[in-house]
Amino acid sequence: AVDRTALEARHGPVAAAVPLLPLQKGMLFQSQLGGKASVYNAFTALDLDGPLDAGRLGRAFDAVLRRHPQLAGLFDHDTHGDPLLVIPALPDGGAGLWPVEQHDLSGMPPEARAAELARIEAATAERANPTDRFLGLVKAVLIRTAPDRHRLLIAVHHLVVDGWSTPLLLRDLLTAYARGPDALFPLAIGYPAVVHGLLARDVSASRDAWGEALAGATPTVLFDPAGSGGDAPMIEAELALPAELTDALLSRLRAEGLTLNALMQAVWGLVLGNLAGRDDVLFGTPVSGRSAAVPGVGEQVGLFLNTLPVRVALDPARPLWAQLPAIQERHIALMEHDGLGLSELQATAGGAALFDTLLVVENYPDSGCESLDLGGVRVSGVYNRGYSHYPLALLVLPGRELTLLVENRGAVPDAMALAERVRGLLGALVRQ
């Protein structure tokens, strides 16, 4: 039960108090343990060319916050001790709800400007902190780098935003800048109703489905937590596949009626199988968590993402292409059961951690940033970043050339060598 009087005594006027979704609970616990804040932040940078109006941009940020007030949330608990996202009642007609910190570096020498820009970006990425009051979950910084050139930095804690949310947030921000704050109407179905709709789903069939999928599985935990994950330094390796290889892969997948996701699951399974010394492995993959059965979820900014196990059991005697349809079918079938939290899935499988690596095949909605008319201002570049806390992760980024990004927190000695191994496997598969 929610004691609204007690919440308002601690935090002031409250618009809503909402239970947390499964991944939010785990992330809140992990983030409050301390450690490197940027692990849990979604960081976006936009390069803006043209006569930008900073006041107009500030009003656009306020409009976004009014449309998605959960971004101003803070965390407390109900009378049973269960965590809540407390959404404050925003003041009518207030300005500066989402402050935009400003810096002018346009008069600095190039070398000094680059160094200061890097310093500000690093500080911004570390900023969002769920122990802060009110605006602790969001941060915006506008940096003037030349007379008609700015870089806009936005950091939002993953507790209230996921990869699907970022393009929605950018679309709303730039729409409010281009057309005025009144262009952002309140959403027909608010965040609390969406969360309650997701939590109300019957998950009994999901427990059965996952119990069957994980039966007999051995956890694939490859790396020593003392030397990897968490606060271990992040080392990235980025490798673009040649356009010819990208085209050949996607053409073959279309011809076979298969998805890139299924292919990458098999390839990551091969890589992990080699590291683990077995053919049946588990790893995690994020899913949107935005069930089509819950109205309004597609337009909401929030952490609806869930991380689910993927089990890949390969037969070395059979061609990989012949095994992909079954991998794809199992994954699609289990996506109907994405409402269980990872902790519950681990309990289903005996309570131990199931995996310590992640595969992410990005497929988010397009924000349309670069096509919006912003009154003479042009978005000339968009850069998004969010990190996982796992020791090892492979991200597959879409584009004319598919990009492989390996995130390594002390797990393997050479992240680039691992990226090159994945590229080599993909090249070999094209030739099969």
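In this short talk I will go through one open sheet, a helix that lies across part of it, and a pocket elsewhere in the list of features. Please keep in mind throughout that what we are looking at is a predicted model.

Let me begin with the sheet, which is open, has three strands in the order β1-β4-β3, and pairs them in an antiparallel way. If you look for its edges, you will find β1, residues 14-19, and β3, residues 74-77, and because each of these has a single partner strand, one side of each is left without a neighbour in the sheet. Going from one strand to the next, the twist averages 35°.

Now let us look at how β1 is held to its partner: five bridges join β1 to β4, the strand of residues 83-88, and the two run antiparallel. To find one of these pairings in the structure, start at V18, whose bridge partner in β4 is L85. Across these two strands, β1 and β4, lies helix α6, residues 191-199, which runs at about 15° to β1.

I would like to turn next to the second largest pocket, which holds about 570 Å³ of space. Which residues lie nearest its centre? They are N261, P286, V361, E362 and N363, out of 26 residues that line this pocket. Among the elements that each supply at least two lining residues are two helices, α9 (260-276) and α10 (320-335), together with the strands β9 (280-287), β11 (357-361) and β13 (392-397). Sorted by class, the lining of this pocket has 15 nonpolar residues, eight polar ones and three charged ones.

Conventions. Residues are numbered from 1 along each chain as its sequence is written. This is a predicted model: local features need pLDDT of at least 70, side-chain atom pairs count only at pLDDT 80 or more; totals for chains, interfaces and linings use all residues. Side-chain values use heavy atoms; hydrogens and water are left out. On a 1 Å grid over the protein atoms alone, a cavity is a set of points where a 1.4 Å probe fits but cannot get out, and a pocket is an open set with protein on both sides within 12 Å along at least five of seven lines; lining residues have an atom within 4 Å of a point. Grid points are joined across faces, edges and corners, and a volume is the space filled by probe spheres set on the points. Helices (H or I, at least four residues) and strands (E, at least two) are DSSP runs, numbered from the N terminus. Ala, Val, Leu, Ile, Met, Phe, Trp, Tyr, Cys and Pro count as nonpolar, Asp, Glu, Lys and Arg as charged, and the others, Gly among them, as polar. Two strands pair if DSSP finds at least two bridges between them. Axes are lines fitted to C-alpha atoms, for helices over the stretch in contact, and angles run from 0 to 180 degrees between N-to-C directions. Contact means heavy atoms within 4.5 Å.
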